[in-house]
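Reader: I have a structure to look at and some terms I do not follow. Could you take me through them?

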Amino acid sequence: MVLIVCISASSTDHAKADAGGVGFWLPGSMGSLSAVPGQAGWSFTTVYLHLEANAGGGKELQNNAAIVSGLHARADAVGFLPAYTFETPVLGGQLTVGAAGVPGNVGVNIGATLTGPRGNQISGNAHDERTTFADVYYLATLKWNQGVNNFMWYVLGNIPSGTYDTARLANLSTGYTAVDSGVGYTYLNPQTGHELSAVAGFTYSGMNDALQYRNGIDFHFDWAVSHFVSKSVHVGIAGYVYQQVTGDSGAGAKLGDFKGRSIGIGPQIGIFFPAFEGYTGYLNIRGYWDVATENRPTTQFAMVTLSFAPSAPEKPATPRGPRHLK
C-alpha cells in the first residue's frame with residue numbers, strides 16, 4: 001500500500017529530467033511498511049504532494065532547451081491509484097498490479113535565462129504556471145513474508161500522456177519513458193512495535209526526442225524507522241540517498257553529464273483506522289528536507305497518503321468443547 005506513494009511523487013516536479021536537476025524518481029517515495037504484504041482484493045489510494053524546489057543564482061540548470069539560473073519551482077499534485085492484489089501466489093509471493101493518473105498544478109520562476117533554445121543570450125525574470133496531467137503510471141510488486149521479515153521486488157514505469165510541452169517551463173509530464181525497478185525489506189515486530197524499512201532501486205530513462213536528451217542511470221535508497229505507540233499509530237523518521245551513477249547524454253545535454261546527488265530526512269506519522277465494511281484505512285503524513293545536494297535543486301516537500309485496503313480476517317474464537325455435567 002505504501003508503494004503507491006512513489007507514483008504521484010515521481011511525477012510532480014517542474015522539469016522531468018536530470019537536465020533540470022530532477023529525475024523520474026522522487027527520493028523519499030518509499031516509506032514505512034513498504035515491503036509488508038496486504039490482503040487479496042482491490043485497494044484504493046490517494047496521495048497529495050506539495051513540493052518546493054530552489055536553486056540559487058549560483059546554480060545553472062537546464063530546463064527544456066534553456067540554461068537557467070535562480071530557479072524556484074512549486075508543485076501541488078494528487079495521485080489516484082487503484083490496485084489489485086491476487087490471492088494466488090506467484091513465485092511464492094503476493095502479486096499486486098495497479099495504474100495511476102496524476103493531475104496537478106505546477107509553477108516555475110527563474111531569475112535569468114542564460115542561453116535560450118536557439119543559442120541566444122537572454123536575461124530577465126520569467127514565470128510559467130499551468131494545471132495539467134502527468135503521465136499514466138503503472139506498477140507491479142511481489143512481496144514475501146517470513147515472520148518479522150518482509151521482502152519485496154517492484155517495477156514502476158510511465159506511459160507519456162502527451163501533455164509535455166518543450167515551449168513551457170512548467171511540465172508535469174516527463175517527455176520520455178522510464179522504468180524503475182528495485183528491491184525492498186521491512187522488519188516488523190508486532191511484539192515490540194519496532195519497524196524498519198529500506199528500498200533500493202535504479203531508474204533507466206529513454207530519450208527525450210524533443211530535446212535529444214537522455215538522463216543517466218539513477219540509484220536511490222529510501223529508508224524509514226518507526227515505532228508503534230499503539231496498535232494503530234506509529235511515528236518515526238524517514239530519509240533518502242539519491243545518486244546519479246551514469247552521466248546524461250545526447251546532443252541536447254548542454255551541461256555535460258551533470259550527475260546529481262541528494263540526501264534528505266524528515267518526520268512521519270501513520271494511523272490505521274476502521275473504514276467501510278471489509279476495509280481498513282491508513283493515513284500517512286511525512287515531510288522531507290534536503291540536507292545535501294549536488295547538481296539538483298534543494299527540495300522540501302510534504303506527502304499525505306490515504307489508502308483503503310481489504311481488512312485482515314479476524315481470528316476465530318478459540319473453540320470450546322461441550323460442558324459435561326455430572
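Author: Begin with pairing: two strands pair if DSSP finds at least two bridges between them. Keep in mind that this is a predicted model.

Reader: What makes strand 15 and strand 16 a pair?

Author: Pairing needs at least two bridges. Strand 15 and strand 16 (residues 298-310) have 11 bridges, in the antiparallel sense. They therefore count as a pair. One bridge in particular links Tyr288 to its partner Phe301 in strand 16. The two strands form a hairpin with 3 residues between them, and Asn295 in the turn has a positive phi of about 55 degrees.

Reader: How do you know that strand 14 pairs with strand 15?

Author: The same test applies, at least two bridges. Strand 14 and strand 15 (residues 279-294) are joined by 12 bridges and run antiparallel, so they pair. Across this pairing, Gln268 stands opposite Arg286 in strand 15. The hairpin of strand 14 and strand 15 has 4 residues between the strands, and Gly278 there takes a positive phi near 85 degrees.

Reader: Why is Leu33 called buried?

Author: Buried means under 20% relative accessible area. Leu33 has 8%, so it is buried. Leu33 lies in the loop between helix 1 (5-9) and strand 1 (41-63). Its phi is near 65 degrees, a positive value in a residue other than glycine.

Reader: Is Leu91 buried or exposed, and why?

Author: Exposed means over 50% relative accessible area. Leu91 is at 74%, so it counts as exposed. Leu91 sits in the loop between strand 2 (66-85) and strand 3 (94-100). Leu91 is not a glycine, yet it has a positive phi of about 55 degrees.

Reader: Why is Leu196 called partly exposed?

Author: The label covers values between the cut-offs of 20% and 50%. Leu196 has 38% relative accessibility, so it counts as partly exposed. Leu196 lies in strand 9 (residues 194-205).

Reader: What makes Leu196 eligible for a nonpolar patch on the surface?

Author: Residues in a patch need over 30% relative accessible area, and Leu is on the list of nonpolar side chains. At 38%, Leu196 is therefore above that cut-off. Leu196 forms the patch with Val225, Ile237, Val241, Ile263, Ile265 and Val291, and together they have about 520 Å² of accessible area. Strand 13 (233-244) and strand 14 (261-274) are the elements that give two or more residues to this patch.

Methods:
Residues numbered from 1 in each chain as written. Predicted model: local features only at pLDDT ≥ 70, side-chain atom pairs only at ≥ 80, totals over all residues. Heavy atoms only, no water. Patch = residues over 30% accessible without salt bridge, like charges linked within 9 Å, V, L, I, M, F, W, Y side chains within 5 Å. Areas by Shrake-Rupley, 256 points an atom, 1.4 Å probe, with all protein chains shown as cover. Salt bridge = Lys/Arg side-chain N within 4 Å of Asp/Glu carboxyl O. Buried < 20%, exposed > 50% of the residue type's maximum accessible area, 1.4 Å probe, protein only.
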